[in-house]
Amino acid sequence: QVQLVESGGGLVQPGGSLRLSCAASRFASRLTVEHYAVAWFRQAPGKEREGVSCISMSDGGTYYTDSVKGRFTISRDNAKNTVYLQMNSLKPDDTAVYYCAAVSFVGGMLPTAPNRYSYWGQGTQVTVSS
């Protein structure tokens, strides 16, 4: 069972930056990190879980939801089995618990819906406030 551990959340002022990390381990037998897609979701109080960004660990293909395009960047370091989410120009609306999720992925269109993902981290709080 894939284990995901997020880190890097915190309190930041509007316009500031944070970098989230998602470290993955315990891949299924005969699979490596390259056989997965990894995504970041977020959930604010009283709102549904929202897909923020995802990346193919094999070819680096990416997806971003419209509200974060140009501000957030997802990247991967396969040698470290880690995915990063660099968040710049943060806004109060970005305040949420951010979750890392993973699913086995062999190519094609990246999955963006939460119910497509099999493995989840525990979440890390991001608060944007002055």
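In this predicted model, the side chains of Ser-56 and Asp-59 are joined by a polar contact of 3.0 Å. Ser-56 belongs to strand E5 and is well out of the solvent's way: its relative accessible area is just 2%, so it counts as buried. Further along the sequence, beyond four places either way, Ser-56 also touches Tyr-36, Gly-61, Arg-76, Phe-105 and Leu-110.

Strand E5 runs over residues 50-56 and holds a second serine, Ser-53. Here too the relative accessibility comes out at 2%, which puts Ser-53 in the buried class because anything under 20% goes there. The side chain of Ser-53 has a backbone partner: one of its polar atoms sits 2.8 Å from the backbone oxygen of Tyr-63. Tyr-63 turns up again in the contact list of Ser-53, which, with neighbours within four places in sequence set aside, also includes Val-38, Ala-39, Trp-40, Tyr-64, Ile-74 and Leu-85.

Gly-121 is a loop residue, placed between strand E10 (119-120) and strand E11 (124-128). Loop or not, Gly-121 has a relative accessible area of 11%, and therefore it is buried. What does Gly-121 touch, once neighbours within four places in sequence are left aside? The contacts are Leu-4, Glu-6, Tyr-99 and Cys-100. The pairing with Leu-4 spans a good stretch of chain: the two residues are 117 positions apart in sequence, yet their C-alpha atoms are separated by 4.7 Å.

Two other loop residues catch the eye for their backbone angles. Asn-81 is not a glycine, but its phi is positive, at about 50 degrees. It occupies the loop that links strand E7 (72-77) to strand E8 (82-87), and with a relative accessibility of 24% it counts as partly exposed. Ser-89 tells a similar story, again with a positive phi of about 50 degrees in a residue that is not a glycine. This serine is found in the loop between E8 and strand E9 (96-104), and its relative accessible area of 39% makes it partly exposed.

Stepping back to the whole protein chain, there are 11 strands and zero helices, so the pattern read along the sequence is β-β-β-β-β-β-β-β-β-β-β. Among contacts with a separation of 6 or more, 58% are between residues 24 or more positions apart. Of the 130 residues, 43% are buried, a group to which Ser-53, Ser-56 and Gly-121 belong.

As for overall dimensions, the C-alpha trace spans about 50 × 30 × 25 Å along its principal axes. The radius of gyration is 14 Å, which agrees with the value near 14 Å that a compact globule of 130 residues would have. The accessible surface amounts to about 6800 Å², and carbon and sulfur atoms own 46% of it. On the charge side, the chain carries 12 positive and 9 negative side chains, with the centres of the two sets 3 Å apart.

Definitions and conventions
Residues numbered from 1 in each chain as written. Predicted model: local features only at pLDDT ≥ 70, side-chain atom pairs only at ≥ 80, totals over all residues. Heavy atoms only, no water. Helix = DSSP H or I, 4+ residues; strand = E, 2+ residues; numbered from the N terminus. Buried < 20%, exposed > 50% of the residue type's maximum accessible area, 1.4 Å probe, protein only. Contact = heavy atoms within 4.5 Å. Polar contact = N/O pair within 3.5 Å; in protein donor to acceptor, adjacent residues only side chain to side chain. Rg over C-alpha atoms; globule rule 2.2 N^0.38 Å. Areas by Shrake-Rupley, 256 points an atom, 1.4 Å probe, with all protein chains shown as cover. Lys, Arg positive; Asp, Glu negative; His and termini not counted. Charge placed at Lys NZ, Arg CZ, Asp CG, Glu CD.
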